[in-house]
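Let's take a walk through this model together, starting with its open spaces and then moving on to how the helices pack. Keep the 3D view handy as you read.

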There are 2 protein chains.
Amino acid sequence: MTKGVLTIVSGFAGSGKGTVMKRLLSRHEGYALSISATTRKPRNGERDGVEYFFKTKEAFEKMIEEHAFLEYASYVGNYYGTPASYVDEQLNLGKDVILEIEVQGALQVKKQRPDALLVFLTPQSGQELERRLRGRGTETDEVIRSRMKRAGEESKLMSSYDYILVNDDVDRAVEELHGLIRSQHLAASRNSGLIERISRELAVYQ
Amino acid sequence: MTKGVLTIVSGFAGSGKGTVMKRLLSRHEGYALSISATTRKPRNGERDGVEYFFKTKEAFEKMIEEHAFLEYASYVGNYYGTPASYVDEQLNLGKDVILEIEVQGALQVKKQRPDALLVFLTPQSGQELERRLRGRGTETDEVIRSRMKRAGEESKLMSSYDYILVNDDVDRAVEELHGLIRSQHLAASRNSGLIERISRELAVYQ
């Protein structure tokens, strides 16, 4: 059993990230989604350990002190974070763990886990992003403007990612993401055990 | 047209490298094999610019002085080298160029071209390598011993490669190699033009 690959997927609101993730997990075996911890109250039907790990403010802050998070942030008065323990448990089971997370959090995780794969999902253009946001038909002009503004800020960090996926075809984006993660399994840095074994087997001929 | 990816493939004699390369090129579009230059005489049927670029010793040494090689070495009294010009011409045409080359040469190229993908092909074990070499039935014990000894030396440099491919199934190895090269096209470092364009398109919303 080899350890799984940790992949962080970020993308603009409207990049189609949610659809790509859902299809990746329904089509391919061996993936696990990371589960976030939060201090906000469970909504109707949300279960502890499924949608979120629900924590009190005190418990969350204790976890911060104990460096138990790969990243965390506070948003509208509540904490949100990624507990390292769940991620590591899944990686050790050989699962490829996907962390769907915004750019600041992604860079926090990369600092702690330099071998994590950072993937950024984007539509083919800024115009296409606006078209998709407007196409939903549910958001006011003001909300769309603020999402586009935020996308502009996020785009400044795209070059810190390892790979850029242009999502102009969901099926292609899913297979590209799957291919990136499969490839990562072949990295020499992940296969030092194999390299050492073969070197040892060949050493008898020296 | 985006520039092609330069991939260097190395592997022990008996790793099945030749078969993997042939099948990759027959099955997938967009690849070009690098052509070596040599000072050895053409054999029956060998054509200049197809199997090799045939050079005089003087012409080859002039090219060395002009830093025209990605790597070169001398072997049994003849020079062999990889002219950068042919590789760059193919990369600029958008071809993914494959350089099949031994470990010392591979590391020479990586120094000049840090964005080159270094892939090492190996059987699953030292025993399997010996079995394959013996299975050919054409080599003396002494030749096999010397190949195994050489493999042992080469194995010490495996960890300098980016990726390790275990060739226990040729078709799988071909698809893994193809997947590695496709993934490389998505690297953020190769897509700075795309990133800049999208950032610019989003800047109007700031």
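The largest pocket in this predicted model has a volume of about 1500 Å³. If you want to find its middle, look for A:Lys17, A:Tyr52, A:Glu100, A:Ile101 and A:Glu102, the closest to the centre among the 45 residues that line this pocket. Several elements of chain A give two or more residues to the lining: the helices are H1, H4 (103-112) and H6 (141-155), and the strands are S5 (69-75), S6 (78-83) and S7 (96-100). H1(A) gives the most, with six residues. In terms of chemistry, the lining splits into 17 nonpolar, 15 polar and 13 charged residues.

Now swing over to chain B for the second largest pocket. Here the residues closest to the centre are B:Lys17, B:Tyr52, B:Glu100, B:Ile101 and B:Glu102, out of 31 that line the pocket. The space inside comes to about 1200 Å³. On the chain B side, at least two lining residues each come from strands S1 (6-11), S5 (69-75), S6 (78-83) and S7 (96-100), and from helices H1 (17-27) and H6 (141-155). This lining holds 13 nonpolar, eight polar and 10 charged residues.

Time to step back and take in chain A as a whole. Its fold contains eight helices and nine strands, and its C-alpha atoms fill a box of roughly 70 × 45 × 30 Å along the principal axes. Of the 206 residues in chain A, 49% are buried. Take the contacts in chain A with a separation of 6 or more: 67% of them are between residues 24 or more positions apart.

Back to H1(A), which you met at the pocket. Helix H1 of chain A covers residues 17-27, and its axis comes within 9 Å of the axis of H7(A), residues 170-184, with the two crossing at roughly 65°. The crossing of H1(A) past H7(A) is right-handed. From H1(A), the residues making the contact are A:Thr19, A:Val20, A:Met21, A:Arg23, A:Leu24 and A:Arg27, while H7(A) brings A:Val170, A:Asp171, A:Ala173, A:Val174, A:Glu175, A:Leu177 and A:His178. Sorted by class, that contact has seven nonpolar, two polar and four charged residues.

Follow H7(A) along and you get to a contact between chains. H7(A) packs against H7(B), also residues 170-184, at an angle of about 115°, with the axes 9 Å apart. H7(A) passes H7(B) in a left-handed crossing. On one side you'll see A:Gly179, A:Leu180 and A:Ser183, and facing them B:Gly179, B:Leu180 and B:Ser183. What is the make-up of this contact by class? There are two nonpolar and four polar residues, and no charged ones.

One last stop is A:Glu130, which sits in helix H5 (residues 126-135) of chain A. Is A:Glu130 buried or exposed? Its relative accessible area is 18%, so A:Glu130 counts as buried, the cut-off being under 20%. Leaving aside residues up to four places away in sequence, A:Glu130 touches A:Ile144 and A:Met148, plus B:Tyr205 from chain B. You can also check A:Arg145, 15 residues away along the chain: the C-alpha atoms of A:Glu130 and A:Arg145 are separated by 8.8 Å.

Note on methods: Residues numbered from 1 in each chain as written. Chains lettered and ligands numbered in written order. Predicted model: local features only at pLDDT ≥ 70, side-chain atom pairs only at ≥ 80, totals over all residues. Heavy atoms only, no water. Axes fitted to C-alpha atoms, helices over the stretch in contact; angles between N-to-C directions. Helix = DSSP H or I, 4+ residues; strand = E, 2+ residues; numbered from the N terminus. Left-handed = near helix turned anticlockwise from the far one by under 90°. Contact = heavy atoms within 4.5 Å. Nonpolar A, V, L, I, M, F, W, Y, C, P; charged D, E, K, R; others polar. 1 Å grid on protein atoms, 1.4 Å probe; cavity = no way out; pocket = protein on both sides within 12 Å on 5 of 7 lines; lining within 4 Å. Points joined across faces, edges and corners; volume = space filled by probe spheres on them. Buried < 20%, exposed > 50% of the residue type's maximum accessible area, 1.4 Å probe, protein only.
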